[in-house]
Amino acid sequence: VDDIATNLDVAKGMLKPYELQIDCVLSGPEAIAIITEESPRYDAIFMDHMMPGMDGVEAVRLIRSDIGTDYAQNIPIIALTANAVFGSEEMFLRSGFQAFLPKPIDMGRLDKIVHQWLKKEHSVDQYSAYKPADFEQGDTDLIIEGIDVKKCLENFGGDKNVLFKVLRSYLANTDKLVKELQQNLHDGDLENYAVLVHGIKGSSYGIFANEVGKLAKEQELAAKRGEIELVKNGQSALEESIDKLLQSIDAALKSFFGSAEKPLAEKPDEALLEEVRKGCAEYNIHRVNLAMEKLEALQYISDGNTIAWLREQISDMEFEKVATEPWPS
């Protein structure tokens, strides 16, 4: 559960070695609805702390107190937060969480959490203890300005496919968040500004873009103190640093994939398009991403700009629009 799509992709990438079913939602109310439905029944919830509207602590309180089932009262819930300060773990444990993971997530700590809380109905031997994968020759020479690529790859077990998927997610989602920050600043809404820039901080540290993460942290702290002039003064530096990072990621992705010819197809597969629509109707990011990956693996003789339109809407999290409105044809 996280309001920042890139953070969800980072978590899925880090959990990939365990071969788990992982479903994602973007808010506390969506998590409450899914736990109420019990279809499927999950072994654990990883819950972000700071989210707009309803934060993670409130979402957990409602799961524990309002749903009224043994499942809701006892499912392990692990707190995720980029605000790890002294006393955080105790606060989360008092608030109905079973464990606490600071962002950026450390793979060793994540591994301990998985083995402690996801073995209830499974043999622990089904989960492979985390060991960083051996890198292929030249992998650690990959350079993306603004990102510690070596550490990022280590956190994803050396899986370059996961790395590039997360980078695509960061590239697709961060510019929209910056525009929302600008609007919050224009409106003088420092409360929502702090929540949004907190998300940028977490996703940036998640890909080891440490300079952007540091600037976002400074903006978050200033916003929480109500120092609007300081926030305004720091906004341009944050935007410049993000813009430079996004250009660097875009160049790296194009250098690896831009020249590759995709297989040709007449038109997009109707079943996959329907998967996208259903996934958006359910706000099931995992289902949407799986279908979009397959659709975007091909180029089409005729698609009426459907795939590009879908990618734009999904990147902007316009799931209801995809689910209910007509598509380009």
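User: What makes a residue of helix 2 count as buried?

Analyst: A residue is called buried when its relative accessible area is under 20%. In this predicted model, helix 2 (residues 28-37) has Gly 28, Glu 30, Ala 31, Ile 32 and Ile 35 as its buried residues.

User: What covers the buried residues of helix 2?

Analyst: The cover includes strand 1, helix 3 (56-66) and helix 4 (70-74). Immediately after helix 2 comes Glu 38, which has a positive phi, near 60°.

User: Why is Cys 152 called buried?

Analyst: The relative accessibility of Cys 152 is 0%, and the cut-off for a buried residue is under 20%. Cys 152 therefore counts as buried.

User: How do you know whether Cys 280 is buried or exposed?

Analyst: The same reasoning applies. Cys 280 has a relative accessible area of 1%; a value under 20% is what the term requires, so Cys 280 is buried.

User: How many disulfides does a search of the whole structure find?

Analyst: The search finds 0 disulfides. For a disulfide to be assigned, a pair of cysteine sulfur atoms would have to lie within 2.5 Å.

User: Why is helix 12 described as roughly antiparallel to helix 13?

Analyst: Helix 12 (residues 270-281) packs against helix 13 (residues 285-296) at an angle of about 155°, and their axes are 8 Å apart. Angles over 145 degrees count as roughly antiparallel, so helix 12 is placed in that class relative to helix 13. The crossing of helix 12 past helix 13 is left-handed.

User: Which residues of helix 12 and helix 13 meet?

Analyst: On the helix 12 side, the residues are Leu 272, Leu 273, Glu 275, Val 276, Lys 278, Gly 279 and Cys 280. They meet Arg 287, Val 288, Ala 291, Met 292, Lys 294 and Leu 295 of helix 13. Cys 280, one of these residues, is also buried.

User: What is the strand order of the open sheet, and why do strand 1 and strand 3 stand at its edges?

Analyst: The sheet has 3 strands in the order 1-2-3, with parallel pairing. Strand 1 (45-48) and strand 3 (99-102) each have a single partner strand, so one side of each lacks a neighbour in the sheet. On average, neighbouring strands are turned by 30° against each other, direction ignored.

User: How do you know that strand 2 and strand 3 pair?

Analyst: Pairing requires at least two bridges, and strand 2 (residues 77-81) is joined to strand 3 over 4 bridges in the parallel sense. Leu 80 has Leu 101 in strand 3 as its bridge partner.

User: Which strands does helix 6 touch?

Analyst: Helix 6 (residues 107-117) packs on the sheet and touches strand 1, strand 2 and strand 3. The direction of helix 6 makes about 160° with that of strand 3.

Key. Residues are numbered from 1 along each chain as its sequence is written. This is a predicted model: local features need pLDDT of at least 70, side-chain atom pairs count only at pLDDT 80 or more; totals for chains, interfaces and linings use all residues. Side-chain values use heavy atoms; hydrogens and water are left out. Helices (H or I, at least four residues) and strands (E, at least two) are DSSP runs, numbered from the N terminus. Axes are lines fitted to C-alpha atoms, for helices over the stretch in contact, and angles run from 0 to 180 degrees between N-to-C directions. Contact means heavy atoms within 4.5 Å. Buried means under 20% relative accessible area, exposed over 50%, partly exposed in between (1.4 Å probe, protein chains only). Angles under 35 degrees count as roughly parallel, over 145 as roughly antiparallel, 65 to 115 as roughly perpendicular and the rest as oblique. A crossing is left-handed if the near helix is turned anticlockwise from the far one by less than a right angle, and right-handed if clockwise.
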